[in-house]
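User: Hey, got a minute to go through this one with me? I'd like to start with helix packing.
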Amino acid sequence: MSSRHRFDRAHTDDLMSFLAASPSPYHAVANAAARLEVAGFRQVEETAAWDGSTGGKYVLRGGAIIAWYVPEGAAAHTPFRIVGAHTDSPNLRVKPLPDSGSHGWRQIAVEVYGGTLLNTWLDRDLGLAGRISLRDGTDRLVNIDRALLRVPQLAVHLDRSANTDGLKLDRQRHMQPIWGLGEVAEGDLIRFVAEEAGVDAEDVTGWDLMPHAIEPPSYLGRDRELLAGPRMDNLLSVHAATAALAAVAGQPDEELPYIPVLAAFDHEENGSQSDTGADGPLLGSVLERSVFARGGTYEDRARAFAGTVCLSSDTGHAVHPNYAERHDPTHHPVANGGPILKVNVNMRYATDGSGRAVFAAACEKAGVPWQTFVSNNAMPCGTTIGPITAARHGIQTVDIGVAILSMHSARELCGADDPYLLANALTAFLTG
């Protein structure tokens, strides 16, 4: 049977819309919040006093969102079930003095963010998105979703060894996009962005802007069994976790023995050390305030954390047919084989045997197949927010995700059924 007939593709269709509408972490959390609002969640301000009311709530801070649902009758010591993810992806980021160029070309000065595959940004039509900060202290989202920028590759006639010795890119000299012709004018880019956003350029005092590939996500393959798109690492998990939390909030409260939580952080791709990263205090602060707002004590907080489990959901590696020797010979995750359990005994992933049992139970409850990923011993293993979350908050954490190809490319590839399978597994996990 063709895989396109196995599952309803409504979830994957919605993921494609989410990816296209989320060219920056700030757009991603805004779109997640909008979906949660439809499900009855309401934003709470960190600077306001919190009460012990039940229902769905969320906190936004920069490119991070923490959302949780308190069922009726939840005790102050009720444990949490958390799905953790991250909103950022490796890319290019606009520098503080962006206007650059030479030899009649106008360019934008950018800095490389995270471990991006540089060559995947070459010769792509790029838009520009992110946020601008205004003089009155507010932020404004910006999404110029049309062909604006391009990082041109050197012609093969001028680099005859590119196909034999490999393409060599200097991060400083070779990755600066062009966006027009003429003389360089200081302040030109921000004036343009301000006009696009409908604000006065003199009111723009800060910005966090980044190019993005404007090609939309698409199904791929004879039977459309694959999905190609940008920022799957890790908006695929953010989208699945948002859908799972919204679904759980619609279930009867008496069927929720835990307080379900979505924790989507920024800055995972460069170490998570920020006020919106997993290594910051945001998650712990939100969880503690939730306990105390319901009349809890420090003892209640300790009891709640002791019974809490987090699934750190991030993309992992599917076996690559052209580079199978780079993978562990006995662990070959495949597309549309279900979510993966990520294991590393050196704690690059936080999974242990008891965590494996938690994940297996969730998948069994959801009727979802699952796979295991382990790195080849001869290859370095990546890491996630999982070990950070476990160590910082002292809570059991399990690393999982969806197997993809072309991780950290400007355009990645996964099985078209796997996002739906992940969302179902996360829903089962959040309900215990």
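Analyst: Sure. One term before the packing: the axes here are lines fitted to C-alpha atoms, for helices over the stretch in contact, and angles run from 0 to 180 degrees between N-to-C directions. Also, keep in mind that this is a predicted model.

User: Fine. At what angle do α4 and α9 pack?
Analyst: About 45°, with the axes of α4 (residues 232-249) and α9 (residues 418-430) 8 Å apart. That angle makes α4 oblique to α9.

User: And which hand is the crossing of α4 and α9?
Analyst: Right-handed, as α4 passes α9.

User: Which residues meet there?
Analyst: From α4 you get Leu236, Ser237, Ala240, Ala241, Ala244, Leu245, Ala247 and Val248. On the α9 side they meet Pro419, Leu422, Ala423, Leu426, Thr427 and Leu430. By class, that contact has 12 nonpolar and two polar residues, with no charged ones.

User: OK, what about α5 and α6, how do their axes cross?
Analyst: At roughly 125°, with the axes of α5 (residues 282-293) and α6 (residues 298-306) coming within 9 Å. So α5 is oblique to α6. The crossing of α5 past α6 is right-handed. In that contact, α5 puts in Gly284, Leu287, Glu288, Val291 and Phe292, while α6 brings Tyr298, Asp300, Arg301, Ala304 and Phe305.

User: How does that contact of α5 with α6 divide by class?
Analyst: Six nonpolar, one polar and three charged residues.

User: Switching to backbone geometry. Where is there a cis peptide bond?
Analyst: Between aspartate 233 and asparagine 234, with omega about 15°. Asparagine 234 sits in helix α4. As general background, most peptide bonds are trans.

User: Hm, worth a look. Which residue has a positive phi without being a glycine?
Analyst: Arginine 224 has one, with phi about 55°. You'll find arginine 224 in the loop between β11 (218-220) and β12 (226-229).

User: Now pockets. How much space lies in the largest pocket?
Analyst: About 790 Å³. Its lining comes to 34 residues, and those closest to the centre are His317, Phe373, Pro380, Gly382 and Met407. That lining divides into 12 nonpolar, 15 polar and seven charged residues.

User: And the second largest pocket, how much space there?
Analyst: About 440 Å³. This pocket is lined by 19 residues, and Pro152, Gln153, Leu154, Arg173 and His174 lie nearest its centre. The classes are nine nonpolar, seven polar and three charged.

User: What about enclosed space, how many cavities of 30 Å³ or more turn up?
Analyst: Four, from a search of the whole structure. The largest cavity has a volume of about 110 Å³. Its lining is 14 residues, with Ser89, Pro90, Trp121, Arg231 and Ser409 nearest the centre. Sorted by class, six of the lining residues are nonpolar, five polar and three charged.

User: What volume does the second largest cavity have?
Analyst: About 50 Å³. Pro23, Ser24, Pro25, Thr87, Asp88, Ser89, Asn91, Arg93, Met210 and Arg231 line that second cavity. They split into three nonpolar, four polar and three charged.

User: I see Ser89 and Arg231 again.
Analyst: Right, Ser89 and Arg231 line the largest cavity, and they also line the second largest one.

User: Great, thanks!

Technical notes. Residues numbered from 1 in each chain as written. Predicted model: local features only at pLDDT ≥ 70, side-chain atom pairs only at ≥ 80, totals over all residues. Heavy atoms only, no water. Helix = DSSP H or I, 4+ residues; strand = E, 2+ residues; numbered from the N terminus. Parallel < 35°, antiparallel > 145°, perpendicular 65-115°, else oblique. Left-handed = near helix turned anticlockwise from the far one by under 90°. Contact = heavy atoms within 4.5 Å. Nonpolar A, V, L, I, M, F, W, Y, C, P; charged D, E, K, R; others polar. 1 Å grid on protein atoms, 1.4 Å probe; cavity = no way out; pocket = protein on both sides within 12 Å on 5 of 7 lines; lining within 4 Å. Points joined across faces, edges and corners; volume = space filled by probe spheres on them.
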